[in-house]
Amino acid sequence: MGFKPFLEGGIAAIIAGALTHPLDLIKVRMQLQGEHSFPHDQNPNPILNLDHNLPVKPNQPVFALDSLIGSISLLPNSSIHARSSFTRSVTSPFAVGAHIVKNEGPAALFSGVSATVLRQMLYSATRMGIYDFLKRRWTDRLTGNFPLVTKITAGLIAGAIGSAVGNPADVAMVRMQADGGLPLNRRRNYKSVVDALERIVRQEGVSSLWTGSWLTVNRAMIVTASQLATYDHVKEILVAGGRGTPGGIGTHVAASFAAGIVAAVASNPIDVVKTRMMNADKENYGGPLDCAVKTVTEEGPMALYKGFVPTVTRQGPFTMILFITLEQIRGVLKDVKF
C-alpha cells in the first residue's frame, strides 16, 4: 500500500472542502431546522420583530426567527409563543446564507473551516487511499475489469475506515458550523479545531469525540460507495462508449457530477440524524434510532431530507472539484514514486 494515493486524495479533498465549506455550513444549519435541543422559554429571543429587534406586541402578526438557523416564518397573531415546527417555513439556502452574512458577518460562512481541513486530511485521505489500494488489488489483471459490485464493496470498506479515523474532526466541524445559529447563552465559541477538540475531551470525555460515530461510519460507507463507485463506473461507460477519454476534462466533469447527485440522494437521511446527534447535548437523544424516530414523529418523514438542496448544491461542486483536482494531481505525480 503506497503513500501516494493517500497524499493525492488528501490534497484534492482539502481543496474541495475549503472551497465548498460555506455550502456545507448552510446545509448543517438547515438540517438543524426544527430541532429544539433547549426549552423554548430558555431561548433569549424566541420571537423578535426583525425590523426593530424588539419583542412583538400582542395580537400583532409577526415573523418568527428560528434561533438555530435563522429560519424566517410568518406566524399568525394567535401563535406568538408557538414553536417553529408549527410554522410555514419560507426559507431557502440563499435566505439562510444571507441571514448568516447579515447577522454574523461574511466570515461566519467559514466557521469551522479549520475542522474541515483536518477532517479531509484524516477522513478523505484515508478513504481514497484505501479505495485506490483495493481497486488495484481487486481489478482483474488480465481483463482490467473492476465490476460495479466490487467497486461498491471497496467503497464501503474504505468509507468505514476513513470515517473511524476522521470522526473527531467531524464532531468539531459540525459544532463549529452550528455555533453561530445557537442562542448566545448556548454558544460554545470554539477558537479553532484544536480548541474544540481539547474542550470536548476536557468537558465531555474522550469518548465524545466519537459521538454519532455509528452514524458517521454508515454515512461514510454510503457516500464513499456511491461517490467513488459511481465516478469510476460512469467514467468507464463514457470511455467505453466513445463519448470521452480517460484524461478528458469533460469525462471527469460528467462522471463527478453524476457521482455527486447519487451520493447526495443516498446519504441525506443519515446525514440529518448524524448532524443532530453531533450538535446535541448527550441527554437529548437515546441513540441514532431515537433521534430518527423523534425527527420523523415531530417533523414528518421529509425532515430526513432537510438541507437536501444545499446538500446537492454542495455535493455537486465538491465532488467535481475533488475528482478534477485529483486527476490533475495524479497527472503531475504520475512519475513520482514514494
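Let me start with a working term: buried means under 20% relative accessible area. Ala16 sits at 0% relative accessibility, so Ala16 counts as buried. Thanks for coming, everyone. One thing to keep in mind throughout is that we are looking at a predicted model.

Let's stay with Ala16 for a moment. Ala16 belongs to helix 1, which covers residues 4-19. Its partner for today is Gln315, which is 299 residues away along the chain, yet the two C-alpha atoms are separated by 10.0 Å.

A similar story comes from helix 2, where we find His21. His21 is another buried residue, because its relative accessibility is 1%. If you pick out Val117, you will see that 96 residues of chain lie between the pair, while 9.6 Å separates their C-alpha atoms.

Two more pairs of this kind, if you would like to click along. Ile270 is part of helix 8, and with 15% relative accessibility Ile270 counts as buried. Its C-alpha atom is 8.5 Å from that of Ala292, with a sequence separation of 22 residues. Then there is Arg175, in helix 5. Arg175 is buried too, as its relative accessible area is 1%. From Arg175 to Arg188 we have 13 residues in sequence and 8.2 Å in space, C-alpha to C-alpha.

Now for the cavities. How many cavities of 30 Å³ or more does the structure hold? The count is three. The largest cavity has a volume of about 150 Å³. Its lining is made by 21 residues, and those closest to the centre are Asp24, Lys27, Arg119, Arg219 and Arg314.

Which helix gives the most to that lining? That would be helix 4, with five residues. Helix 4 has company, though. At least two lining residues come from each of helix 2 (21-31), helix 4 (113-138), helix 5 (148-179), helix 7 (213-240), helix 8 (249-279) and helix 10. Sorted by class, the lining of the largest cavity has nine charged residues, six polar ones and six nonpolar ones.

With those charged residues in mind, let's turn to salt bridges. As a reminder, side chains of opposite charge can pair when their charged atoms come close. In this model the count comes to 19 salt bridges.

My favourite to show is Lys27 with Asp271, whose closest N and O atoms are 2.9 Å apart. This pair links distant parts of the chain, since Lys27 is in helix 2 and Asp271 is in helix 8, 244 residues apart. Are these two residues buried or exposed? Both Lys27 and Asp271 are buried.

For a contrast in sequence spacing, look at Arg136 and Asp132. Their salt bridge has its closest N and O atoms 2.7 Å apart. Both residues lie in helix 4, four residues from each other, or about one turn of the helix. The two ends of this bridge fall into separate accessibility classes. Arg136 is exposed, because its relative accessible area is 60%. Asp132, on the other hand, is buried, because its relative accessible area is 11%.

One more pair before we zoom out: Lys306 and Glu299 meet through their side chains in a salt bridge, at 2.6 Å from N to O. Glu299 has a relative accessible area of 21%, so Glu299 is partly exposed. Zooming out, salt bridges with shared partners join Asp24, Lys27, Arg119, Asp170, Arg219, Asp271 and Lys274 into one network. You may recognise some names here: Asp24, Lys27, Arg119 and Arg219 are also among the residues closest to the centre of the largest cavity.

Let's finish on the outside. A nonpolar surface patch of about 460 Å² is made by Phe257, Ile261, Val265, Met302 and Tyr305. Where is Tyr305? Tyr305 is placed in the loop between helix 9 (288-299) and helix 10 (308-333). With 31% relative accessibility, Tyr305 counts as partly exposed, and patch residues need over 30% relative accessible area.

A last stop for anyone who likes backbone angles: Asn189. Phi of Asn189 is near 55°, which is a positive value in a residue other than glycine. Asn189 is found in the loop between helix 5 and helix 6 (193-204).

That's my tour. I'm happy to take questions.

Methods. Residues are numbered from 1 along each chain as its sequence is written. This is a predicted model: local features need pLDDT of at least 70, side-chain atom pairs count only at pLDDT 80 or more; totals for chains, interfaces and linings use all residues. Side-chain values use heavy atoms; hydrogens and water are left out. Patches are made of residues with over 30% relative accessible area and no salt bridge: like charges are joined within 9 Å, nonpolar side chains (Val, Leu, Ile, Met, Phe, Trp, Tyr) within 5 Å. Accessible areas come from the Shrake-Rupley method with a 1.4 Å probe; for residues, only the protein chains shown count as cover. A salt bridge is a side-chain nitrogen of Lys or Arg within 4 Å of a carboxyl oxygen of Asp or Glu. Buried means under 20% relative accessible area, exposed over 50%, partly exposed in between (1.4 Å probe, protein chains only). On a 1 Å grid over the protein atoms alone, a cavity is a set of points where a 1.4 Å probe fits but cannot get out, and a pocket is an open set with protein on both sides within 12 Å along at least five of seven lines; lining residues have an atom within 4 Å of a point. Grid points are joined across faces, edges and corners, and a volume is the space filled by probe spheres set on the points. Ala, Val, Leu, Ile, Met, Phe, Trp, Tyr, Cys and Pro count as nonpolar, Asp, Glu, Lys and Arg as charged, and the others, Gly among them, as polar.
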